[in-house]
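Me: Please take a close look at one helix pair in this model and at the core around it. I would like a single connected account.

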Amino acid sequence: MAELAGLADPRTREVNAKHGDDHGVNLGKLRALAKRLKTQQELACELWGTGDSAARLLALLICRPKAFGRDELDGMLREARTPKVHDWLVNYVVKKSPHAEELRVAWSADPDPVVASAGWALTTERVAKKPAGLDLAGLLDTIEAEMRDAPDRLQWAMNHCLAQIGIGHAEHRARAIDIGERLGVLKDYPTSPGCTSPFAPVWISEMVRRQGGTAAG
């Protein structure tokens, strides 16, 4: 904890605060520390228990994802209220857990929009890697009905799922683009030069073009 405190930088904290995060540790330095520590599940649990965001990020880098129980992961997600801790927990730990599918289903239906956003992130992963058994048309129905008015984090996760369906599944591409066009979600999102817009119709078309396909499928 003392070492983490020593790595904290006021300017980094200021930048992170704009994104809803509350720590000042450079992530490159955090990863270097994790590389030195290697996997230490017991230490990871102790670090998580401090409630400190930088300590929790470090915990997620040195833990054993498969060592956590289903209820443990559910509790951790509900405690992870800053975006970076939430994202790393889902991407680095839950996605590698044997409980990922059960949590995906439960979280997607959760009334807490931040928890639900984790369910949608796991759904996007399945759309990309293991779509068999998913009702893609049903997912598009839900996105069409709910995405425009969803809170920011949930809206972002739904939008990513919409784009992934359009990118990876030609038979649903035209509908995914149409939904994106009609809802207009993230249409005016500021995008840096060289980056792809998160506006689903543009995102889908650009990724399909890179893969050598056509937007129409």
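Reply: In this predicted model, the pair to look at is H5 and H7, where Ser53, Arg56, Leu57, Leu60 and Leu61 of H5 meet Lys84, Val85, Trp88, Leu89, Tyr92 and Val93 of H7. Sorted by class, the residues of this contact are 8 nonpolar, 1 polar and 2 charged.

The geometry of the pair comes next. The axes of H5 and H7 come within 10 Å, and they cross at roughly 10 degrees. Angles under 35 degrees count as roughly parallel, so H5 is roughly parallel to H7.

Leu89, on the H7 side of the contact, also reaches beyond H5. Setting aside neighbours within four places in sequence, Leu89 is in contact with Trp48, Leu60, Leu73, Met76, Leu77, Ala80 and Val94. Of the residues just named, Trp48, Leu60 and Leu73 are, like Leu89 itself, among those with the most contacts inside the largest nonpolar core. Leu58 and Trp107 belong to that group as well, and the core has 32 residues. At least two residues of this core come from each of H3 (27–37), H4 (41–49), H5 (53–62), H6 (70–79), H7 (83–93), H8 (100–108) and H9 (113–129). H5 gives the largest share, 7 residues. Another core, of 28 residues, lies apart from this one, and includes Trp120, Ile143, Ala176 and Ile177. As a general point, nonpolar side chains in soluble globular proteins tend to be buried together.

The surroundings of the pair can be put briefly. The protein chain has 13 helices and 0 strands. Its 217 residues would give a radius of gyration near 17 Å in a compact globule, and the value of 19 Å for the chain agrees with this. Along the principal axes, the C-alpha atoms fill a box of roughly 55 × 40 × 35 Å. Of the 217 residues, 44% count as buried. Among contacts in the chain with a separation of 6 or more, 61% are between residues 24 or more positions apart.

One such long separation in sequence leads back to H7. Lys18 sits in the loop between H2 (10–17) and H3. Its relative accessible area is 67%, so Lys18 is exposed. From Lys18 to Pro83 there are 65 residues in sequence, while their C-alpha atoms are 11 Å apart in space. Residue 83 is where H7 (83–93) begins.

Note on methods. Residues numbered from 1 in each chain as written. Predicted model: local features only at pLDDT ≥ 70, side-chain atom pairs only at ≥ 80, totals over all residues. Heavy atoms only, no water. Core = buried A, V, L, I, M, F, W, Y, C linked by side-chain atoms within 4.5 Å. Buried < 20%, exposed > 50% of the residue type's maximum accessible area, 1.4 Å probe, protein only. Helix = DSSP H or I, 4+ residues; strand = E, 2+ residues; numbered from the N terminus. Contact = heavy atoms within 4.5 Å. Axes fitted to C-alpha atoms, helices over the stretch in contact; angles between N-to-C directions. Parallel < 35°, antiparallel > 145°, perpendicular 65-115°, else oblique. Nonpolar A, V, L, I, M, F, W, Y, C, P; charged D, E, K, R; others polar. Rg over C-alpha atoms; globule rule 2.2 N^0.38 Å.
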